[in-house]
Amino acid sequence: MLDLQKKNISVLSIVKLCAKYSPKLFAMCLALTVMDGLLVPLMLVVVANFIDSVITLTSNDPQTYIMIKNAMFMGLGYLYTQLSQELKLYFYELLEDTLRNKLKPEIIKKQFSMDYLLFESTQTQDLLLRVTKDIEKKFIKILKSTNLIITIAVQVVGILYALYKYNWWIVIIFIFIIIPMIFLTFKGGKAIYESEKKVGFITRQMNYLSDILSNREASAERTLFNYSYTLNKRFKDAHLYRSNFNTKTLARETLRIKLCNIVINIFTIIIIVTLSRQVYNNLLSVGLFTAIVGSMINLTKVISLQLSELFFEFSSHNEYVKDFKEFIQLEENKEVFDDRCENLKFESLHIKNLYFKYKDSKDYIIKGINLYLEKGKSYSLVGLNGAGKTTLIKILVGLYRDFEGEILVNGKDIKLYTFNQLRSMFSVVSQDYARYYVSLKDNIAFDNPEGGLSSVIEKLELGDLIRDLPEGENSYLGKMYDNGIDISGGQWQRIAIARALYKNGPFVILDEPTSSLSPTAESKVYSNFSKIAKDKTLLMISHRLGSTKISDEIIVLDSGKIAEQGSHEELMMKDNIYAKLFNTQKEMYYE
Ligand SMILES: Nc1ncnc2c1ncn2[C@@H]1O[C@H](COP(=O)(O)OP(=O)(O)OP(=O)(O)O)[C@@H](O)[C@H]1O
């Protein structure tokens with residue numbers, strides 16, 4: 001994992017990470033950085049000596065050798081400057097590439113090991129977007145800024161050292177001016193990053209809109225419903241709002257920096273006037289005066305343009321680092337990496353007085369559920385939209401652990417099971433099952449193709465589909481690849497069910513993954529399931545009551561409570577919620 005002291009993450013930690021991933025490239029960049037800084041005060045001396053030696057050419061004692069030597073140094077300095085720019089560019093490119101290869105996989109690993117609940121939080125989504133998008137570029141930007149600060153610091157110290165010899169008070173005043181400027185620019189950068197953060201949700205919305213406007217999944221609906229114009233307008237409005245919001249902050253902070261720059265420029269003029277008086281009094285050579293003035297003008301340019309921009313940038317890097325720290329500290333579920341096969345048996349599931357509510361929901365979603373499920377039986381969970389069926393399933397499989405009441409699996413508190421143990425016990429197919437654009441075989445078996453794939457294919461009647469595919473079970477699905485094959489929604493659902501069956505957990509949960517199947521096909525899948533998944537316990541959710549009536553027991557959920565429970569016949573006899581729902585659906589089919 002990212003080798004970081006999670007509590008003490010700073011800009012320096014990012015720099016250290018860059019150094020860790022490629023020590024050689026980092027050292028090269030650092031060497032060039034320091035050399036760039038040293039070059040300016042060195043050149044100051046070289047230029048001063050050169051000018052003074054040129055002046056001696058008209059005297060009785062011309063210093064031609066010194067002039068040629070310094071002219072050569074100046075030439076070398078110029079050559080170095082040209083070369084250093086190119087080399088730095090090249091090294092930073094290589095470093096960025098190394099980060100992409102080494103850091104990015106660790107970031108992805110951190111992301112997929114995050115606790116499931118975090119993925120449901122919009123704040124976490126915003127944070128992930130801010131931190132992980134082009135992370136290698138952000139790291140390089142931070143490294144470049146830090147290196148530029150080192151260059152400027154070495155440069156400033158060198159020039160001030162040269163100045164200190166002639167006018168110490170200039171140096172003192174300079175320090176007094178530069179400190180508030182650093183403070184102001186830092187504050188400005190922070191304000192800009194904060195304003196970016198405030199419009200984070202708009203950025204997410206814009207990304208989403210642009211995705212719907214361009215992705216393949218929505219292409220058919222885009223054409224049929226012709227909503228592209230409206231969505232495009234929404235995208236533009238969001239973009240306008242976001243840029244207006246940021247522009248105001250940027251304009252305000254830039255104005256402050258510009259005022260500081262004016263002060264620095266006035267200060268430089270005062271220094272030049274003061275030093276020219278020293279030349280007049282023969283306290284300073286013409287060469288040194290010219291070199292110092294040149295360096296001062298250069299320094300003013302650096303300070304008023306580069307340094308302010310840099311501190312601006314640096315403080316926003318600082319804010320990024322805070323986000324990065326938050327990201328690193330996000331809770332991980334180490335069990336994600338635990339792929340031991342537990343082979344646990346299922347005997348019973350006992351739910352006692354279960355209550356649950358989401359962090360952001362006012363009321364309880366699950367309200368005092370008591371339920372006993374036994375090995376080998378088939379159960380159906382039915383109820384209106386929003387009754388809490390999926391929520392209950394997520395609690396049972398261990399995704400939500402923050403519930404009230406008690407759940408006993410095989411007589412043992414569910415909270416005492418590891419996530420890996422629960423994962424091996426429950427095979428779940430959810431409503432929003434994933435469609436993987438890999439081979440059909442990988443879609444079902446992923447990294448374990450030896451565990452009875454052909455039997456699962458046969459049980460779910462996928463044989464015909466496979467025979468029609470050009471490369472059989474090795475054919476790629478989806479349009480990610482040129483040779484990828486598009487299959488129907490119902491076929492994708494069969495594959496998702498096959499995946500769960502192949503996993504071979506003793507308790508199978510089907511959370512309405514069959515909505516794309518025809519009623520007959522769905523009914524067939526459910527009624528065959530007892531044959532397909534012998535000895536397994538089955539809990540299925542479906543809105544089509546014709547499919548669920550074959551279950552041993554039907555549980556009717558209504559607003560988070562169990563309203564009725566029993567076999568199809570028992571519930572029909574009761575003539576209550578279930579019977580009414582069943583009869584309504586029956587009439588619809590007859591009509
Ligand atoms: N992640 C979440 N955060 C907050 N509230 C949620 C979340 N997921 C679901 N809910 C709310 O919990 C309630 C129950 O939702 P759930 O998905 O469990 O219902 P359901 O019975 O499965 O519905 P459907 O038949 O439509 O799939 C709904 O009011 C829903 O808005």
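Angles from 65 to 115 degrees between helix axes count as roughly perpendicular. In this predicted model, helices α5 (residues 122-132) and α8 (residues 200-214) pack at about 80°, with 10 Å between their axes. The two helices, α5 and α8, are therefore roughly perpendicular to each other. On the α5 side the meeting residues are Gln125, Asp126, Leu129 and Arg130, and their counterparts in α8 are Gly200, Phe201, Thr203 and Arg204. By class, this contact of α5 with α8 comprises two nonpolar, three polar and three charged residues.

A second perpendicular arrangement involves helices α1 and α6. The axes of α1 (residues 11-21) and α6 approach within 9 Å and cross at roughly 105°, which makes α1 roughly perpendicular to α6. Here Val11, Ile14, Val15, Leu17 and Cys18 of α1 meet Phe139, Ile142, Leu143 and Thr146 of α6. Eight residues of the contact of α1 with α6 are nonpolar and one is polar, with no charged residues.

Helix α6 (residues 135-164) also packs with helix α2 (residues 23-55), at an angle of about 25° and with the axes 8 Å apart. Angles under 35 degrees count as roughly parallel, and α2 and α6 are therefore roughly parallel to each other. Their crossing is right-handed. From α2, the contact draws on Cys29, Leu30, Thr33, Val34, Asp36, Gly37, Leu38, Val40, Pro41 and Leu44. From α6, it draws on Asn147, Ile150, Thr151, Ile152, Ala153, Val154, Gln155, Gly158, Ile159, Tyr161 and Ala162. Sorted by class, the residues of this contact of α2 with α6 are 14 nonpolar, six polar and one charged.

It is worth setting these helices beside the database annotation. An unreviewed UniProt entry places the feature "transmembrane region" at residues 25-51, 63-81, 142-162, 168-186 and 255-273. In the model, residues 25-51 are 100% helix and 0% strand, and the C-alpha atoms at the two ends of this span lie 38 Å apart. Residues 63-81 are 95% helix and 0% strand, with 27 Å between the end C-alpha atoms.

Attention now turns to the sheets. Six strands make up an open sheet of mixed pairing, in the order β6-β7-β8-β3-β9-β10. The edges are taken by β6 (426-429) and β10 (561-566); each has a single partner strand, so one side of each is left without a neighbour in the sheet. From one strand to the next, the twist averages 15°. Two helices can be followed on this sheet. Helix α12 (residues 389-396) packs on it and touches β3 (378-382), β7 (507-511), β8 (537-541) and β9, its direction making about 150° with that of β7. Helix α17 (residues 489-503) packs on the sheet as well, touching β6 and β7, and its direction makes about 175° with that of β6.

At the β10 edge, strand β9 (residues 553-558) runs antiparallel to β10, and five bridges join the two. Ile554 of β9 stands opposite Gly566 in β10, while Asp558 has Lys561 of β10 as its bridge partner. Strands β9 and β10 form a hairpin with two residues between them, and Ser559 in the turn has a positive phi of about 45°.

A further open sheet has four strands in the order β2-β1-β4-β5, with antiparallel pairing. Strands β2 (366-374) and β5 (412-413) stand at its edges with a single partner strand each, so each has one side without a neighbour in the sheet. Strand β1 (residues 348-356) is joined to β2 by seven bridges, and these two strands run antiparallel. One of the pairs is formed by Ser348, whose bridge partner in β2 is Glu374.

Conventions
Residues numbered from 1 in each chain as written. Predicted model: local features only at pLDDT ≥ 70, side-chain atom pairs only at ≥ 80, totals over all residues. Axes fitted to C-alpha atoms, helices over the stretch in contact; angles between N-to-C directions. Parallel < 35°, antiparallel > 145°, perpendicular 65-115°, else oblique. Left-handed = near helix turned anticlockwise from the far one by under 90°. Contact = placed C-beta atoms within 7 Å. Nonpolar A, V, L, I, M, F, W, Y, C, P; charged D, E, K, R; others polar. UniProt positions renumbered as here; feature names shortened; annotations may be inferred. Pairing = 2+ DSSP bridges.
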